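Trainee: I should like to look closely at one part of this model, the part where its strands come together. Please describe how that part is built and what packs around it.

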Amino acid sequence: MRISLLDRSRTRAGMPEAAALIHTVERARTAEQWGYHRYWVAEHHAVPGISSGAPAVLLAAIGARTDRIRLGSGGVMLPNHRPLVVAEQFLMLEALAPGRIDLGLGRTLGFTGPVREALGRTEASPEAFAAEVSELRDHLEGTAAVTARPRAETPPSLFVLATGSGMRTAAHLGLPVVVGGPVLDSEELPELLASYRREFRPHRGSGPEVIVSADVLIADTDAEARELALPEAWAMVRSREEGAFPPLEDVAGIQARSFTARQQSRVEAALAGTWAGSERTVVHRIEQMMERTGAEELLSTASTFDREALAASDRRLTRLLG
């Protein structure tokens, strides 16, 4: 099974926000050395806890410092952009790193009303998203009325970051699908994936392909891995209370807090959504999900405050599945 990483360039308390981007580039270089299949970055606008707002810029920096690993977006939020502009950005990346570029596409708008207004888009229907994905592909393949430059013999590979409607879009356009978040644990997932495979319309000989994304953290024990997952879980709780996604905090500082009953419940719920544990625990969780989904690839999206512990977890994952 292929294994890959998605790095959202999480900021950390006490560090400059720019450091998150340097850390992302460094992690990508290590991921290549350890044999990860692809390395993706994210797009989040005006979020205090995330420094990556321009995936194409960050991917150019990573591409200049790596040689083999596939690079891409998880994803570009297409409603925020014109398809021609996205096509030009990723064709340029393809020209600079031939045969290595992926373009994952999502439909999510900005997190808050002011951000959505600043981006100039306050709604994005599934139908509009599907039309824009199709238009973007035409630009990448050189079949649109306007030719995006530079032209590529092999254009970047397209993926759809999918919920229910996203899976239908991916099926009808003949694209691979990336499935993560709450939908992974939903009772509807098997039928959603069955429908995706059943309704898939091949494009240029393609077949259905499923990638599962999840927060995967490995440590010596389940308890230690749970601690690694705590900074992200606490950030999620704070975002629900304060309306802003904050930088990661160190575990000791979080554990020193006195949680309210509601906060404790929300932390537990967030931790339950991670695949955090010992090697045996994580392998069991992965095997269960892969059997349930028939996925061809695992995309780990995990982050934590301790960068050394995160690197150790990344290394262990390659040893388990690589």
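Mentor: Let us begin with one pair of residues: Val160 has Val177, in strand 7, as its bridge partner. The model is a predicted one, in which local features require pLDDT of at least 70 and side-chain atom pairs count only at pLDDT 80 or more, whereas totals for chains, interfaces and linings use all residues. Numbering starts from 1 along each chain as its sequence is written, and side-chain values use heavy atoms, with hydrogens and water left out.

The pair of valines belongs to a longer contact line, for strand 6 (residues 157-162) and strand 7 (residues 177-179) run parallel and are joined by three bridges. Strands here are DSSP runs of E with at least two residues, helices are runs of H or I with at least four, and both are numbered from the N terminus. Two strands count as paired if DSSP finds at least two bridges between them.

Now widen the view. Nine strands make up an open sheet with parallel pairing, in the order 3-2-1-11-8-7-6-5-4. Its edges are strand 3 (70-73) and strand 4 (76-77), each of which pairs on one side only.

Strand 11 (residues 297-300) stands between strand 1 and strand 8 in that order. With strand 1 (residues 2-7), strand 11 pairs in the parallel sense over four bridges, and Leu5 stands opposite Ser300 there. On the pairing with strand 8 (residues 210-214), the sense is again parallel and the bridges number four; Val212 has Leu298 as its partner in strand 11.

Which way do the residues of strand 11 point? Glu297 and Leu299 point one way, while Leu298 and Ser300 point the other way, and all are buried. Buried means under 20% relative accessible area, exposed means over 50%, and partly exposed lies in between, with a 1.4 Å probe and protein chains only. In a regular strand the side chains alternate between the two faces of the sheet.

Leu298 leads us to what packs around the strands. In the largest nonpolar core, which has 60 residues, Leu298 is among those with the most contacts, together with Tyr39, Phe90, Leu103, Leu136, Val179 and Trp275. Helix 3 (residues 83-96) gives the largest share of this core, five residues. Such a core is a set of buried Ala, Val, Leu, Ile, Met, Phe, Trp, Tyr and Cys residues joined through side-chain atoms within 4.5 Å. In soluble globular proteins, nonpolar side chains tend to be buried together.

Consider Trp275 of this core. Neighbours within four places in sequence aside, the residues that Trp275 contacts include Val212, Ala214 and Leu298, and also Leu184, Asp215, Val216, Leu217, Ile286 and Met289. Contact means heavy atoms within 4.5 Å. Leu217 itself is in a second, separate core of 16 residues, which also includes Ala219, Leu230 and Leu271.

Finally, return to strands 6 and 7 and examine helix 6 (residues 164-173). Helix 6 is mostly covered, as eight of its 10 residues are buried: Gly164, Ser165, Gly166, Met167, Thr169, Ala170, Ala171 and Leu173. These buried residues pack against strand 6 and strand 7, as well as helix 5 and helix 7 (189-199). After helix 6 comes Gly174, with a positive phi near 70°.
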